[in-house]
Amino acid sequence: MSKLALLAKQRLEGKSKGLAGLSLADSATRLPSKLSLLAKSREGKGILGGALNVSDKPSLGPKLIKKKGVLPTSVPKVAAPIELPSVVESSQTRRRRRIRPSSSENREKGSESISKDPPSATAQEPSPMDELLRVLLTVETRSLQNKPICETSVALLSTKRAYPNVEESQNKLRKLADNIFLAFTNNDPNIAKAKANFNRPSPDDKVLEAQKQAFELDLKKLSLKEGTVEKRSGTATPVITETKPFVKLDLATELSKYVQPHKSFVVIGHVDAGKSTLMGRILYDTGTVDAKTVNKLVREAEKSGKGSFALAWLLDQTTEERSRGVTIDICSTTFKTDNIIFTAIDAPGHKDFVPQMISGVSQADIALLVVDSINGEFEAGFVMDGQTKEHTLLAKSLGIEQVCIAINKLDKEDWSQARFEDIKTQLTLFLTSKDVGFHEEKLHFVPISGLSGTNVVKNDRSTPEFAWYNGPTLIGCLEDIKIPESHISSLDELLSEELNLSIGEIVEILSSEFRVQGKVSLGMIQAGETVRFNPTNDCLQVQALSVQAKGEPVAVRGQIVQLSFKTGQLKNKSIDDLAVGDLILNLESAVRLVSSFEASIVTFHMDKPLLVGTPFVLFRNNASVSARISKIILIANSKRKKMHLVSQQEAKVEIEIVGDRLFPVAEFSKNKALGRVVLRKEGATIAAGTVQSLQNVA
């Protein structure tokens, strides 16, 4: 007989004897658990309508020894016990499914036990086990009536929504009553509220509607009357407060310091002509740089194998410039002689750095053209499309009238007078030609040797081969050149001029302060004044002013100054919007921003025709912007209207600025400094001219 059959036999014998002899060792059954009761209720038989027969329940818990008339001590008292259901499946019915007798004897015993009707729960006296089950069900019901600690963690359906038939819901183990649990997500009030919210406009709809109303309101306030536009309501117009100088000066007394004229010159010429070395020699011979500094540079240059570049390193101070042996960016310095104050600007000679050279020329009064007199080197820089021609052409186009030509390295040609005269003749013919336009009386030729210093600052006449020259030294020639703008005739003249300063350099000192450098072309400026930046239209107060690295209360026309400003006064709190070439003007300045203007230009040598709409780079002083010719109004000596320009033509054209950034210019008749323009395309200067009239003025 199998173990399962033996177990069934023992249970049948134990049932007939009752629970009196039940012990923990005689049976493997346990008390019914809450989980088993729930499982049986889900099979479709409720427990809330009748009584429960103890003999029909399997014992799934620990085995108990029955003691007559004694209840468990852990059973709590209840006020109104729940009647147990009478439809719970009996243990005998469960045995019919589970137990299969292995012999005829067992089948007979099984059939007898099955055929017997179970005792009625109402006719039999309740046993202690019945009381225990009542208590368990009472505790279970009370636990359902306790709300959870976290209400949001319960999302049960309402009884009426889950079971429309109330009578059917009564047969379930757990009655989901509305007074016990609330359906937080799917009850009727929440659904109605959600539907109402969806019918209302969304937050995005509200924002779009507000923007639409604001736009329509501003559109109604626009006036079509000529020259009048109503201001937007609610928009605060920035109030520009004009400030006074920090120090009250007697300008007549202060300007007496500027009785000594001030001149500025830019050093131009082909690459490797000796420009930086010449500048170093001038600074050393005038006492601006001491011998200790020069000796230190000589040792450093000899270690690098470039001993002849020692004087050039006085101005070429970056690692890249010293390693390559060429000047990359402009460098300005100031020195004094007995008669005048000079500001020297060393410009690069390589064709890749022509924009930097233009920036240097725009700050100078005189052009110092340096040419290499060595046989073959002069021809490479002048005849064979070198930078000598382009530099002089740009200088003339940007307003330079006086040119001092230094014929350098003549000592390598044994101070040959014939070589000097040959170079002088070729340069004179070119510079006075119609293409360039210099006057011969404004051209000054000086033979020098920049490396040895002969005839630069002084000429001791100790070289016999150089006895044929009786002219002035290079510095003497620069002193003799007359510049009308270099001398201030009267205070009234200076005060009547509008401030005009073109920015040549922008340096951020701290996160809250920046400095700009540029030449004062017109007027004067004092520390503490409020000035306007164009085209950004920022109004800032001058915090500090310095000339020649020395703090000064005022700067006047012709001087190169450094101005300090606070970054916080800028609109965007950043210097990113500022650019080299921007203007610093008075608050009431007449300079305007334009997107197009009419100009009278002269074209130079061009490999390709300049078509209408072809982009190029437009220079005004040291400012550059992308532009194009939008219309050819007139071509000199041409009766036919054309859509392109070729070399050596004079024309009146309409130039359009490309991009959103406006360009500050002025008519040449009113402001010569802001009225000259230069056109460059594909690395070559193709045209230059003057501004005749402004269009699309902002």
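**Exercise 1. State which residue follows helix α16 and what the sign of its phi is.**

Solution. The residue that follows α16 is G399. Its phi is positive, near 100 degrees. Helices here are DSSP runs of H or I with at least four residues, and strands are E runs of at least two, numbered from the N terminus. The structure is a predicted model, in which local features need pLDDT of at least 70 and side-chain atom pairs count only at pLDDT 80 or more, while totals for chains, interfaces and linings use all residues. Residues are numbered from 1 along each chain as its sequence is written, and side-chain values use heavy atoms, with hydrogens and water left out.

**Exercise 2. Determine how many residues of α16 are buried.**

Solution. Buried means under 20% relative accessible area, exposed over 50%, and partly exposed in between, with a 1.4 Å probe and protein chains only. Step 1: the buried residues of α16 are Q387, T388, E390, H391, T392, L393, L394, A395, K396 and S397. Step 2: 10 of the 11 residues of this helix (387–397) are therefore buried, so α16 is largely enclosed by the rest of the structure.

**Exercise 3. Identify the buried residues of α14 and what covers them.**

Solution. Step 1: in α14 (residues 354–361), six of the eight residues are buried. Step 2: these are V354, M357, I358, S359, G360 and V361. Step 3: the cover, by contact (heavy atoms within 4.5 Å), includes β1 (262–268), β3 (341–346), α16, β19 (615–620) and β24 (676–681).

**Exercise 4. Locate the largest nonpolar core with respect to the domains.**

Solution. A nonpolar core is a set of buried Ala, Val, Leu, Ile, Met, Phe, Trp, Tyr and Cys residues joined through side-chain atoms within 4.5 Å. Step 1: the largest core has 74 residues, of which F265, L368, I405 and L474 touch the most other members. Step 2: strand β4 gives the most to this core, six residues. Step 3: domain 3 (261–485) and domain 5 (592–697) both give residues to the core, so it lies between them; the domain bounds come from an automatic or database domain assignment.

**Exercise 5. Classify the residues that line the largest cavity.**

Solution. A cavity is a set of points on a 1 Å grid over the protein atoms alone where a 1.4 Å probe fits but cannot get out; lining residues have an atom within 4 Å of a point. Step 1: the lining consists of H270, V271, D272, A273, V371, D372, E377, F378, G381, F382 and T388. Step 2: Ala, Val, Leu, Ile, Met, Phe, Trp, Tyr, Cys and Pro count as nonpolar, Asp, Glu, Lys and Arg as charged, and the others, Gly among them, as polar. Step 3: the lining has five nonpolar, three polar and three charged residues.

Methods. On a 1 Å grid over the protein atoms alone, a cavity is a set of points where a 1.4 Å probe fits but cannot get out, and a pocket is an open set with protein on both sides within 12 Å along at least five of seven lines; lining residues have an atom within 4 Å of a point.
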